[in-house]
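Colleague: I'm new to this one. Could you show it to me and let me ask how you know things?

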Amino acid sequence: MQIDSAQLDTFAAVVDEGSFDAAARRLNITPSAVSQRIKALEGRLGQVVVMRGKPARPTEAGQALRRLARQVSLLELEAIAAVRGRADTLRLPIAVNADSLNNWFLPAMLDLSEHHAARFVVHQEDEEHSAEFLRNGTVLAAVTADPRPVQGCRVVPLGKLRYLAVATPDYADRWLAGKPLPEALAEAPMMVFNSKDQLQHRLMRKVTRRKLDPPSHAVPAPGAFHQAVRIGLGWGMIEDEVAQPELAAGRLVEVAPGKYIDVPLYWQHWKLQSTILDALTEAVLRAASKGLRKP
């Protein structure tokens, strides 16, 4: 059984754009034609592949189809570029954790864009969860903390991000001085990035051997998170290279001196014979070699 390429392109447009109407505008066809193609595709496969809603989303069966659509589109554009001798702009959906985006990863994007016609679509996701974007076909590559390859993907070690537990001197005097650290950490307000962020809890378990749940402030933006720590809203885990200048200047102090959390990072990407994917991987490895600790 073969899948009609027009139907596959239409399916990809629907899940990318989030609606039949938006897909129609992208493809320059009518919404009715979009609906007909999706119905024909589902009839051919015997499966519903799109959940009609706002936004439209792929079903479990549709996730496998989205992976296929991404791969076909990438290889098709590369083949056309090879025949014509010039490259059309390639759309590269990737998943990257916030701290990597805020530090070492952007130079990799610049590196690639200087040599290839590429348009990045970046999905920001915690490194513990970004592999799911590979599984459901949302992205073709991801920075992840999971060394286990997603089916159909290759894994390359990148290095480690080191995090230090830091706070302002005034905060430390108010909340941490004069009592054992386990007791202090049980009460001292802390910062978290979002509900998925477990770095602070990992540090507390490492230091106290206890499962603590102090009050916390959630600030899901790297710059704002760092600023919240700098003004004394709470203590938090900040990347070593960001924290060190503040520590040296005395604007921050370590909450648990000598203790840190290292987060190993990996680059996962689809197993495709793709020039652009190979170039992207090389750019990411170059940037990681400069911005991360060795694996």
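**Reasons behind the labels**

Modeller: Sure. Keep in mind that this is a predicted model. Among contacts in the chain between residues at least 6 apart in sequence, 74% join residues at least 24 apart. The chain has 13 helices and eleven strands, and 48% of its 295 residues count as buried.

Colleague: What about the box that the C-alpha atoms fill, and the area the chain exposes? How big are they?

Modeller: Along the principal axes, the box is roughly 70 × 40 × 30 Å. The exposed area is about 14700 Å², with carbon and sulfur atoms supplying 50% of it.

Colleague: Why is T144 called buried?

Modeller: Buried means under 20% relative accessible area. T144 has 0%, so the label fits. T144 sits in strand β5, residues 141–144. Leaving aside residues up to four places away in sequence, T144 touches E127, S130, A131, P264, L265, Y266 and Q268.

Colleague: And how far is T144 from L212?

Modeller: Their C-alpha atoms are separated by 26 Å, and the two are 68 residues apart along the chain.

Colleague: What makes α2 and α3 roughly perpendicular to each other?

Modeller: Two packed helices are described by the angle between their axes and the distance between the axes. Here, the axes of α2 (residues 20–27) and α3 (residues 31–45) cross at roughly 105° and come within 8 Å. Angles of 65 to 115 degrees count as roughly perpendicular, so α2 and α3 earn that description. On the α2 side, F20, D21, A23 and A24 meet P31, V34, S35 and I38 in α3.

Colleague: How do you know that N28 is exposed?

Modeller: Exposed means over 50% relative accessible area. N28 is at 70%, so it counts as exposed. N28 is in the loop between α2 and α3.

Colleague: Why is R209 called exposed?

Modeller: With the cut-off at over 50%, R209 qualifies because its relative accessible area is 73%. R209 is in the loop between α10 (199–208) and β8 (216–218).

Colleague: What is there to say about phi in N28 and R209?

Modeller: Most residues other than glycine have a negative phi. Phi of N28 is near 60°, a positive value, and phi of R209 is near 60° too.

Colleague: What kind of peptide bond joins K54 and P55?

Modeller: A cis one, with omega about 5°. Most peptide bonds are trans. P55 lies in the loop between β1 (50–51) and β2 (57–58).

Note on methods
Residues are numbered from 1 along each chain as its sequence is written. This is a predicted model: local features need pLDDT of at least 70, side-chain atom pairs count only at pLDDT 80 or more; totals for chains, interfaces and linings use all residues. Side-chain values use heavy atoms; hydrogens and water are left out. Helices (H or I, at least four residues) and strands (E, at least two) are DSSP runs, numbered from the N terminus. Buried means under 20% relative accessible area, exposed over 50%, partly exposed in between (1.4 Å probe, protein chains only). Contact means heavy atoms within 4.5 Å. Accessible areas come from the Shrake-Rupley method with a 1.4 Å probe; for residues, only the protein chains shown count as cover. Axes are lines fitted to C-alpha atoms, for helices over the stretch in contact, and angles run from 0 to 180 degrees between N-to-C directions. Angles under 35 degrees count as roughly parallel, over 145 as roughly antiparallel, 65 to 115 as roughly perpendicular and the rest as oblique.
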